[in-house]
Structures are given as C-alpha cells and as structure tokens.
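Trainee: Could you walk me through one part of this model up close? I'd like to see how the strands in one chain are arranged, and what sits against them.

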Amino acid sequence: MNTAVLRAEFRLFRREPGAVFWVFLFPTLLLVILGSIPSFRDADDSLGGLRPVDAYVPIAVLIALIMSGVQTLPQALTGYRERGILRRMRVTPVRPTALLSAQMTVQGTVALGSALLALAVGRLAFDVRLPGQPAGYLLALLLAAAAALALGAVVSALSRTTRIAGAIGSAVFFPMMFCAGVWIPVRAMPDALARGVTLTPFGAAARALDQAAAGHWPGWDHLGVLALWTVLLTAGAARWFRWE
Amino acid sequence: MSVIEVTDLRKVYGGRAVVDGVSFAVEEGEIFGVLGPNGAGKTTTVECVEGLRVPDAGRVRVTGLDPVADHERVARVLGAQLQESELQAKLTVREALELYAAFYPDPLDWRPLAERLGLTDRLTTRFGKLSGGQKQRLSIALALIGNPRIVVLDELTTGLDPRARRDTWQLIEDVRAGGVTVLLVTHFMEEAQRLCDRIAVIDKGRVAALDTPAGLIRRSAGATVISFTPSAPLDDRELDALPALASVEHKDGRVTLSGTDETVNAVITLLARHRVTAHQLRVTDATLDDAFLDLTEEKEKAI
C-alpha cells in the first residue's frame, strides 16, 4: 500500500458529493426517515418482538456496503482504467495495484464509517441497543465489507466502460438491496424465501448482523456463506480484471 | 554506451505484425527520434521499451535491464509521457506533481519544473478543468519529475500552440543538456529536424531508415529543389535529360526540378545556352518532410 496514493484517493473521494451522500449519509438518513414513522417504533411480532427501527439498523449498515460495492467502487475503478490512469501508473515504479487497493481501502473505510454513523444515530435518536455481541458484529461487518468490495471489483472487471459498469451496477443493486432486507427484513420473510436469500452475500450478512445485534455469536453457516462469496468474487475479479 | 537496445522486436495483433523486426540502439545523452506515419508501429515499439507491452519476439533492454521482468528498476530510471492518458479529474496540478514525486526515490523539486512548463498559475486547478495544452504540459512535467536518466515522449507537442511548442523544444534541449537521454516519438517533421540527433523512420512495422536528419535528407532522391519561371518555354526532352534529375513539375509557367547540385549546374548551363532568363530562381535543400515522404512512399510502391 502506497500512502501517498491512499491520501490522494481519500481526498478525491471527499470531492465526490454523490459518493459521499449515497455511501456515507443516505443509509443513516433512511434510518431517520423510517424511525420517524410512529408505527416503526412499536414492537412487531413478525420481527420476534423487535421494533422495525431496531431491525433497520443492520439494514442501513448493509445499504452503505452495497452502495460502495456496486455503485461507487466499480465506477471509480472502471473510470481509472477507461481514462488511462492505471496505464499511466504502470510506467511509474509504483504498481497500479496501489491505486486499486487504495480505492478499495477508501471505499471500505467510508462504508464502515457509515455503519458506525447508523449505529450511533440509531442509539441516540431511537434508543436502538448497540450490538449485544460486538466482536461477532464486527466480524460479520468486515466479512460483508470484503464481499461488497470483491463484488465491486468483479463488476468493474466485467465492464469495459463506466456506462456498462453503471448498467451492471444498477442491475445488481436492487436484488442486493432486496436480499439485505430493505423492503422486508430477512427474518420476516417466508421460510422458503429466507432460505434462498441467506445464500446470497447480503442475505447472509443481514442474518449474521441480526444475530450479533441480539447478543448471539453469528451463525457459522452465515459467516461461511459470506467468506465463500468473498473468495469466489475475489478470484473472479483477479481472473477477469484488465489493466487497459 | 547504449541505454536503450531494441533487437528484432516483433509484436503481433490479431495475426497482423504491427512491429515486424525493429532494431535500433539509443546512445546515452542523445535525442533519438522515432518517426513514421500513423499506424506505423511507433507507439507499440516505445510501449515495449516502457514495459507496457510484452514483445512477441526480439529483445528490449533499458540500461541493460528487461523492461517487463525488471519493471520497477526500469521505471525508476525511465520517465514516460504517454499518448491519451489522463489523471483523476478532481486532482489538482499541485497534488498530481506531489503525488508523482512521491513515487520516486530522488525526485526533482516540482516548483521549478512547474515554473518551467508554465503551470505555476494553474497549481490549484483540477486536472479536468485544464485545457488540452495544459494537460499536455503537466504530462511532460510528470515524465520528468522522477529525475529520470531516460525520458520517452510520445507525441510531445500534440495540442500545443506554436509558442508553447517552441518552449517545449527548448525544454527538451535543456533536459538533454543535463545528461538525460530522450526517446521522442513524433510525426511532426519540424520537431524531429530541430531536436533529434538521429532518427529511425518506421514504416509498416519496420525501420525504413536510420540516420541523422541531414543524412536522411541527403539520402532522399531529390535532395535539392530548383524552381524558376523561364522567360521562354523550355524543351521538355532537354529538361528530362538533366543529370541526377528526380522529378520535373510544370505549374502556371513555373518549372520545379528536384535533383542534386549536379542538376543545378546543368540547369544553369541549359538556360545560358538558350539565353533564357530564370525569373524568381530559387534553389533550396529538401526538408525532412520530403525525405520522409520519399522513404515511406518507396515502400508503398514496392508493395
């Protein structure tokens, strides 16, 4: 990792108001809007006695990861390739991988920062309890972040231009949001659907975060699904990524 | 000592040899030009020197190192300005200079370099907001910032206005005076003639000629051009019989001949014999332009 590149990429991320909004602010904003609906603050039996606003904190956390993974990261990486920035790096002593890893570090860090913001606002504004099993929560969160970044790298590898990356990103975005439980929390889904959804990276992440939030160690089946996706997507990105 | 050696380089794309047996050696401290028409394989050749492409056959050595296998060591001594490569749109000129300086163990101070390239009043401008010429100047600055021993410049003055172009040429001469070897890709004759010590003319993936600019001009068939408006018509047969004649052209009563010094003497004798006055007589040396067309056309005729 080259620190000069990392610092430059952080600075450049801050200059993208769209990325800052969607990755860092939007998930918490959505939580605030939903939490402001009175019925979202009443305990709900289909959520095992939790209030919907409690259930939406882990979902907001995942939205941040999905935004950076399938929207901002592939746009950035594909743009760097399309406009010859990676090529320019290749004729310096610093490898272009420095730029890729810096970009992934920036995106991952901002998404994790966004997760912290959602947890803090949930706690302060809506009295949502902090995760009962913090170590398990952190582990699930880091694995989900790794899967999201690997997914972004695959989208970028498969997209020759930023337009294609945008199209693939949007096509993947809604199914991923569904699996994370944005429309119906995964635990409230019918059994058959929930079983399918927990085989996807964000479905598994949603369940793992729920369990850790409730104070249990997240199920190894969910963590295993996340780890497997991360490995497969990373291998795919490494196999298909082109420098120019 | 040769700092760049290219031997029998071949690069094939889709069954077509874009570079087909190119060889040349660049000596330390010289400005070496790679000249050729569009699509001749110039850029592919220098991309192999930069380590951006892996040759299909042949050998490339930069300061004795393989630019692909020893990429990092080569990149430390070789600065490159690429065609059509950009930077992050929201990176400012100053940030770009500082960032690229951080890539090298012993970089130049970016302030005088920016001054030299007329970028001082653009330091806080973002790359995306620069004009084409300013982008080009920044790209030249980034090629030099690592304090390289060799600098490869691909279409150096594209997009520059005539003044900026001349300033850039002066800069390249100063860079060379500082001991840096320059490999210059161009299709701009005036640039090659003014800057280069030696030129490899590349055409259809091969080296068509390799010589000094003066040598290339001497080699071309019509190295001297004689033009005049005769006071009375001249016999075509007599003109055609002139020694060492390369071509004859008539246009609006004006005769243009190309040949050698021998042709010049014979024309003067011919005119005197017929008592014809040559109005507006001009004798000029051919330019690199003429030599280039000559060298690259010959091949086309042969095919």
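Mentor: Let's start with a term: two strands count as paired if DSSP finds at least two bridges between them. Keep in mind, too, that what you're looking at is a predicted model. In general, the strands of a sheet pair through backbone hydrogen bonds, and they can do that in a parallel or an antiparallel way.

Now go to chain B and look for an open sheet of six strands. Reading across it, the order is β5-β6-β7-β3-β8-β9, and the pairing is mixed. Which strands stand at the edges? They are β5 (78-81) and β9 (206-211) of chain B. Each has a single partner strand, so one side of each is left without a neighbour in the sheet. As you step from one strand to the next, the twist averages 15 degrees.

Zoom in on the β5 edge. Here β5(B) runs parallel to its partner β6(B), residues 150-154, and four bridges link the pair. For a landmark, find B:Leu78: standing opposite it in β6(B) is B:Ile150. Then look for what packs on the sheet here: helix α5 of chain B, residues 132-144, touches both β5 and β6 of that chain. The direction of this helix makes about 170 degrees with that of β5(B).

Chain B also has an open sheet of three strands, so to speak a second stop on our tour. Its order is β2-β1-β4, and the pairing is antiparallel. What is left at the edges? β2 (16-27) and β4 (57-62) of chain B stand there with a single partner strand each, so each has one side without a neighbour in the sheet. Ignoring direction, neighbouring strands of this sheet are turned by 15 degrees against each other on average.

Follow strand β1 of chain B, residues 2-13, over to β4(B): the two pair in the antiparallel sense over five bridges. One spot to click on is B:Val6, whose bridge partner in β4(B) is B:Val60. This sheet has a helix packed on it as well, namely α1 of chain B, residues 42-50. That helix touches β1, β2 and β4 of chain B, and its direction makes about 120 degrees with that of β1(B).

How values were computed:
Residues are numbered from 1 along each chain as its sequence is written. Chains are lettered from A and ligands numbered from 1 in the order in which they are written. This is a predicted model: local features need pLDDT of at least 70, side-chain atom pairs count only at pLDDT 80 or more; totals for chains, interfaces and linings use all residues. Axes are lines fitted to C-alpha atoms, for helices over the stretch in contact, and angles run from 0 to 180 degrees between N-to-C directions. Two residues are in contact if their C-beta atoms, placed from the backbone, lie within 7 Å.
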